[in-house]
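Please look through the structure below with a few questions in mind. They concern one residue and then the enclosed spaces.

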Amino acid sequence: MANCFNRLGFMYANSFSLKIKTNFYLYQGLYKVTKNKRSHDMQFHLNGFHPGDPRFDDPQDRVVPPPIKRPLPEAVDVLIVGCGPAGLNLAAQLSQFGDIKVAIVDQKDDRLLVGQADGIACRTMEMFQAYGFADQIRQEAYQVSEAAFWKPDADKPNQIARSGKVQDVADDLSEMPHLIINQARVHDMFLDVMRQGPGKIVPHYQRKLLGLEVDPDGGEYPVTLKFERLVNYSQYSQEIETVKARYVVGCDGARSSVRTAIGKELVGDALNQAWGVMDVLLNTDFPDIRLKSLIHSNNEGNMLIIPREGGYMVRLYIELDKLRENERVARDQMSPDVLVAAANRIMQPYTVDVKEVAWWSVYEIGQRITTAFDDSAEGRPAHVFLAGDACHTHSPKAGQGLNTSVMDTWNLGWKLAHVLTGRAGPGILKTYSAERHEYGQALIDFDREFSRMFSAKPKSAENPDGVDPAEFQRYFQLFGQYTAGVSIQYKPSIMVGEGGHQDLAKGLTVGKRFHSAPVIRHCDARPMQLGHCITANGAYRIFAFAGNVEAMSDDCGVKALCDYLQNDASSPLKKYTPVKSDPDAVIDVRAVFQQHHQSIETGSLHPVLMPPKGRYGLQDHEKVFCVDKRPESSGGGKNIYEMRGIDKEKGCIVIVRPDQYVAEVLPLDDFAGLEGYFKGVLAAV
């Protein structure tokens with residue numbers, strides 16, 4: 001066993017939200033990529049672990065040179081502190097706006113190579129689709145299809161036995177799967193989007209925040225930040241850089257310096273539970289090693305097995321001894337050998353033979369949430385925001401850390417962009433804290449109960465107060481929507497309507513994310529998901545679902561809507577679209593018809609649904625969709641109207657926010673309702 005760990009390196013991670021004090025990385029070893037493999041089951045890690053893009057056969061070809069070192073700008077529109085998932089997602093969103101000046105800084109000296117967070121929820125994959133890299137993540141990742149539950153054997157209590165298997169993601173919960181992938185690969189995708197977007201954003205590494213001051217009367221740039229430029233973790237330079245910013249977003253982890261600077265703190269409690277976690281290459285006789293497995297043993301603690309991408313590596317979450325009040329993990333007594341031994345005790349009669357440890361750590365579970373998500377006060381708007389682990393910390397069991405963090409900045413990014421580009425007034429920024437704080441608290445409550453049940457001893461005659469494994473399995477299934485990230489429902493506000501016409505689209509709930517469904521794109525007869533036309537460009541969408549009349553006839557509600565949008569002086573398209581912008585830059589209008597796509601001629605479509613764009617005024621032909629009329633044998637048979645409860649007779653309008661959440665459902669002829677909604681969220685040009 002000792003030979004397995006003789007190449008372990010040490011690295012201190014001072015910003016990991018779960019209070020990880022020690023991180024161990026193995027940098028030697030070789031990936032083995034199956035050459036020319038392009039399916040969703042890429043195999044790698046066969047001959048050892050190495051970070052980077054697994055599509056490169058030679059590990060040396062995966063090395064990405066660090067960005068060219070350059071000074072910080074003197075003034076920016078948005079300064080992002082922290083290159084974790086929340087910060088990178090925010091930078092990726094803002095990079096889509098070339099006229100917004102953004103800088104992102106981190107105390108580390110380069111990009112992440114091995115990450116702690118590995119679970120990607122279905123909802124997060126929907127967001128990745130908007131950026132255009134969901135397919136690449138899906139190809140590399142492990143897809144969680146089933147979860148296995150193990151409990152003490154009734155006849156041999158000191159051994160475990162399988163109690164059942166359940167489907168991990170319910171049918172039609174999302175078109176996207178639940179995946180497992182190295183967090184660093186997600187970071188790489190965000191970095192590509194940032195660099196390739198109009199904003200061309202590249203991180204500034206080796207910057208330590210020394211101070212942050214907000215002067216409400218400071219004019220155009222009310223926030224002043226001071227950074228020390230670091231040479232490395234132990235040696236500091238004397239170079240101090242000062243940056244002024246309109247807005248600052250602290251994405252700098254549970255020990256957030258930004259949060260401290262604005263006088264906020266994390267509040268909550270710890271569960272006094274210690275866990276070890278390790279990514280390993282192993283052989284075992286445990287039959288469910290390639291399934292997500294939740295194991296409750298009789299007396300040796302509990303364990304969670306998460307298969308990793310590549311087909312050979314797995315992550316083990318191993319319960320250690322319960323901690324006494326205010327007790328901390330004795331890290332000097334921990335080692336990979338100790339964790340592997342604990343795993344073998346929990347898994348009896350099965351064993352694991354670990355060949356290599358790619359990463360390991362120990363941590364204590366705690367659930368905390370910040371007192372506020374921004375620095376706003378009575379009569380003073382917010383200039384500094386918090387996101388990700390700077391706002392909330394919790395256990396990793398439900399896989400909500402990364403997923404909740406990126407949803408924070410997915411909510412905030414387009415709102416900042418709209419304010420900075422003049423599309424909206426600063427009042428919309430109030431909705432960030434209101435929407436995300438409520439969800440953050442709900443996450444804490446859910447995680448507390450989930451962690452309690454996971455860590456409790458199985459119920460038995462000797463332990464009548466324990467948790468029945470069957471009850472835990474039911475709880476797991478009951479909260480499937482929560483762990484998939486699709487349960488969020490924002491309350492009515494200027495951003496979310498009252499839902500008075502919800503009956504017109506019962507399955508597209510106001511305040512919840514737009515639940516995609518299959519359609520046929522009219523122009524090229526392509527089967528696709530309707531939600532995949534929502535890209536990360538900061539635009540609202542108006543989906544016009546036609547009633548049961550001939551498409552574009554005089555009785556067609558979609559035609560009447562398009563006439564209004566094109567010609568009426570109060571049309572949101574006329575009021576809020578800048579003169580030199582494409583017609584769909586702010587509000588993107590799309591139509592869905594119930595007829596077969598071959599029965600609708602392109603020449604009959606309204607000009608609003610074929611807008612001229614770009615320097616040559618080229619027509620966009622991809623705005624019109626039809627119900628999928630193909631037979632089930634050809635992959636069809638799924639009617640979006642039936643799947644999402646859309647009124648076939650009347651049709652409806654569905655307004656979708658830039659972050660893919662349903663803002664309102666309206667009748668097709670409710671032009672006043674359309675005007676009223678956009679009047680509250682956009683500024684007239």
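Leaving aside its neighbours within four places in sequence, which residues is Glu-309 in contact with? The model used to answer this is a predicted one. In it, Glu-309 touches Phe-44 and His-45, then Glu-140, Ala-141 and Tyr-142, and also Ile-180, Ile-181 and Asn-182.

Along the chain, Glu-309 sits in a loop, with β15 (302-307) on one side and β16 (313-322) on the other. Is this residue buried or exposed? The relative accessibility of Glu-309 is 3%, and the limit for a buried residue is under 20%, so Glu-309 counts as buried.

The side chain of Glu-309 also has polar partners. A polar atom of this side chain lies 3.0 Å from the backbone nitrogen of Asn-182. The side chain of Arg-308 makes a polar contact with the side chain of Glu-309, at 3.1 Å.

Now turn to the enclosed spaces. How many cavities of 30 Å³ or more does a search of the whole structure find? The search finds 7. The largest cavity has a volume of about 100 Å³. Its lining includes Pro-66, Pro-67, Asp-109, His-204 and Arg-229. By type, the lining residues of the largest cavity are 5 nonpolar, 2 polar and 5 charged.

The second largest cavity has a volume of about 80 Å³. Among the residues that line it are Arg-123, Glu-126, Phe-514, His-532 and Gln-660. The lining of the second largest cavity divides into 3 nonpolar, 5 polar and 3 charged residues.

Terms used. Residues numbered from 1 in each chain as written. Predicted model: local features only at pLDDT ≥ 70, side-chain atom pairs only at ≥ 80, totals over all residues. Heavy atoms only, no water. Helix = DSSP H or I, 4+ residues; strand = E, 2+ residues; numbered from the N terminus. Buried < 20%, exposed > 50% of the residue type's maximum accessible area, 1.4 Å probe, protein only. Polar contact = N/O pair within 3.5 Å; in protein donor to acceptor, adjacent residues only side chain to side chain. Contact = heavy atoms within 4.5 Å. 1 Å grid on protein atoms, 1.4 Å probe; cavity = no way out; pocket = protein on both sides within 12 Å on 5 of 7 lines; lining within 4 Å. Points joined across faces, edges and corners; volume = space filled by probe spheres on them. Nonpolar A, V, L, I, M, F, W, Y, C, P; charged D, E, K, R; others polar.
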